[in-house]
Amino acid sequence: MINAVLVFNNSGQPRLTKFYTQLDTSVQQRLISEIFTLVANRPNSACNFLPLPPLLASSSTPSSSASSHASNDTPSIVTYRHYATLYFIVISTSTESPLALLDFIQVFVEALDRLFENVCELDLIFNFETLHATLSEMIVGGVVIETGLERVVEGVRAQGRVAKRPVNENRGGGIGSLGSLGAFGRGEGAWTGR
């Protein structure tokens with residue numbers, strides 16, 4: 001089960017925080033700060049998986065009255081990818097495959113790139129409805145239901161959640177630009193994640 005999906009910029013400012021398990025707001029805020037610090041301080045050569053910080057692990061332990069399968073629902077893994085100016089982070093239980101979550105993140109980012117036609121950080125800030133609609137096409141209640149890129153993009157477009165960009169807006173590779181996915185396949189550009 002996926003417990004949370006987070007997106008941060010390089011400065012640690014959250015661009016998306018979606019929790020699928022109930023946590024106090026104060027715990028959420030401390031967790032967001034702690035996870036960003038852990039992920040941002042990792043070297044580029046480190047793997048994209050790490051154990052969950054003690055803050056969430058201790059706050060989500062099952063109570064004695066919980067059923068025996070509740071321990072499988074305890075968040076334990078942080079999986080992330082870094083694309084240019086953004087970190088995409090998934091907090092999950094041990095029952096989720098970290099490699100499948102890396103694929104989920106990749107499809108999520110590619111879907112955003114198709115929906116915004118060369119997505120940048122500002123698209124995520126000012127069109128958060130599209131960001132949330134894309135995520136809701138892929139995850140329901142913490143369970144991944146769709147990872148087909150075309151189906152996700154079609155589902156969001158069918159909802160009418162894609163914002164129109166002004167015609168005269170410059171789409172160059174500015175500070176907030178994540179880069180083009182066309183360059184991704186050739187090993188160029190800013191889309192190469194770690």
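In what order do the five strands of the open sheet run? The order is β2-β1-β5-β4-β3, and the pairing is antiparallel. Keep in mind that this is a predicted model. Here's a quick tour of the sheet, then the helices that sit on it.

**The sheet overall**
- β2 (14–19) and β3 (49–51) are the edge strands; each has a single partner strand, so one side of each has no neighbour in the sheet.
- On average, neighbouring strands are turned by 20° against each other, ignoring direction.

**Strand β1 and its partners**
- β1 (residues 2–9) pairs with β5 (residues 86–93) over seven bridges, in the antiparallel sense.
- Along that pairing, I2 sits opposite S92 in β5, while N9 has L86 as its bridge partner.
- β1 also runs antiparallel to β2, joined to it by five bridges, and L6 faces T17 there.
- Four residues separate β1 and β2 in their hairpin, and G12 in the turn has a positive phi of about 90°.
- Eight of the eight residues of β1 are buried, i.e. under 20% relative accessible area, so the rest of the structure largely encloses this strand.

**Helices on the sheet**
- α3 (residues 98–116) packs on the sheet and touches β1, β2, β3, β4 (75–83) and β5, with its direction at about 40° to that of β4.
- α5 (residues 128–138) packs there too, touching β1 and β2; its direction makes about 35° with that of β2.

**A check on α3**
- With 19 residues at 1.5 Å a residue, α3 should span 27 Å, and its end C-alpha atoms are indeed 27 Å apart.
- Right after α3 comes E117, with a positive phi near 55°.

Definitions and conventions:
Residues numbered from 1 in each chain as written. Predicted model: local features only at pLDDT ≥ 70, side-chain atom pairs only at ≥ 80, totals over all residues. Heavy atoms only, no water. Pairing = 2+ DSSP bridges. Helix = DSSP H or I, 4+ residues; strand = E, 2+ residues; numbered from the N terminus. Axes fitted to C-alpha atoms, helices over the stretch in contact; angles between N-to-C directions. Contact = heavy atoms within 4.5 Å. Expected span 1.5 Å × (residues − 1). Buried < 20%, exposed > 50% of the residue type's maximum accessible area, 1.4 Å probe, protein only.
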